[in-house]
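Visitor: I should like a close look at a single part of this protein. Would you please take me through one helix and the strands that follow in the chain?

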Amino acid sequence: MVNALTIDVEEHFCYAYPGESLPLEQWDGLERRAVPQTLETLAILEAHDIRATFFVLGWVAERDPFLVEEIRARGHEVGSHGYGHQLVYRQTSEQFRDDVQRSIDIIGGISGEAPVGYRAPSFSIRNDCLWALDVLADLGFRYDSSICPTQLRHYGSPGQPAEAHRLDNGLWEFPPATTRVAGIDVPFGGGGYLRLYPFFLTRWATHRLNAAGRPAVIYLHPWELDPNPPLGPRSGLRRFQHTVGLAKTRSRLLHLCAEFDFAPIGDVLRSLPGSDELRLGFAAAK
Ligand SMILES: [Zn+2]
C-alpha cells in the first residue's frame, strides 16, 4: 500500500486561527526560515528515495521562487496552499477565489504548470463552506486535501467521508489520515498529532488504514523540523500547539520513511479505482 506524504510549505508565522493570526502586511518584517527548512525536508526525503506533494503557499513561492523549482527538480509534486494562509470559512467565495487564483498564477508562473492539488490553511474547508470545493473545481484543480472528517476545535467536518472519494463536481477529496475509535474518526497523520502521540500509535493507525485498503495521508510542515522556531506574539495554547514535540519531528519522519511507502497524492489518486481519467492532466512529478 502506497501512502501519501504531504508537506505544507509555509513560514513559522503563517498560523491561522479565528481571531489569532499575524496580518499579512506584517509578514515581510519577520525572519523567514522556510527555505532552509524545506531544503532539509527535501534532503531527508531524497535520502529515503521518497517523493511527496508539497503544498506551497503562494506568498512563500513569490519570495523564494527557486524553492518551487527545487521541489519539482527533485521529482516531487507541487500543489497550492493558497496565497495568504487565510481561513477559508472566514472568507467570501470571491475572496477565496482571488486568494487561490493568486497562488495559481505565482506557482504556475514559476513551474510552467498550474497546480492540480490544493490544501486549505488549517484544513479550513468545513461543512459551512463546502462551496469552496466548487471554486476549486472551477479553477481547474483535480483534487483537494482540506477536509478533516471529524469535529475539532477550529476545523473539522463531521459526517464527511474519511476515505478518498470523488465529489459530484469531479474533484477528488483526499482527507488527512484518521482512524475510527469508539465511533469517532481520530486524526493521527500529522502536525501536532504526529508529534504528540507516541510513535507506536501512529504506526499502528497507519497499518490499520492500510490493512483496510486505504492509503494514509500524512502531513507535516518544514517549520516542524526546527526545534527552536521564533514564536512571535501568540497565546500560550498556540505556543504549546506549535512547539510540543518539535524535537521529535525529524525522528518521526525518518521512522515513517523507513517503514512505509509514500508517493505524492497525485500518484496515489491515479492508483485508486475510478480514477482512470486522472492519468492525463496531472502535473506529474518526473
Ligand atoms: Zn498551513
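**Helix H1 and its surroundings**

Guide: Buried residues make up 44% of the 286 residues in this protein, and the model shown is a predicted one. The protein has ten helices and eleven strands, and we shall begin with helix H1, residues 34-47.

The 14 residues of H1, at 1.5 Å a residue, should span 20 Å; the C-alpha atoms at the two ends are 20 Å apart, so expectation and model agree. The buried residues of H1 are Ala 34, Gln 37, Thr 38, Thr 41, Leu 42 and Leu 45. Viewed down the helix axis, these buried residues fall within an arc of 140 degrees, and therefore they line one face of H1. They pack against strand S1 (2-9), helix H2 (58-63) and helix H3 (65-73). On the face turned away from the buried side, H1 carries the exposed residues Pro 36, Ala 43 and Ala 47.

Just after H1, Asp 49 takes a positive phi of about 55 degrees. Further along the chain comes strand S2, residues 53-56. In a regular strand, side chains alternate between the two faces of the sheet. In S2, Thr 53 and Phe 55 are on one side, while Phe 54 and Val 56 are on the other. These four residues are all buried, so that both faces of S2 are covered.

Strand S2 also has partners. S1 and S2 pair in the parallel sense over four bridges, with Val 9 opposite Val 56 in S2. S2 and strand S3 (residues 77-80) likewise pair in the parallel sense over four bridges, and here Phe 54 stands opposite Val 78 in S3.

How values were computed. Residues are numbered from 1 along each chain as its sequence is written. This is a predicted model: local features need pLDDT of at least 70, side-chain atom pairs count only at pLDDT 80 or more; totals for chains, interfaces and linings use all residues. A residue is buried if 20 or more other C-beta atoms lie within 10 Å of its own, exposed if 12 or fewer, and partly exposed in between; C-beta atoms are placed from the backbone. The expected span of a helix is 1.5 Å times one less than its number of residues. The arc is that of the directions from the helix axis to the C-beta atoms. Two residues are in contact if their C-beta atoms, placed from the backbone, lie within 7 Å. Two strands pair if DSSP finds at least two bridges between them.
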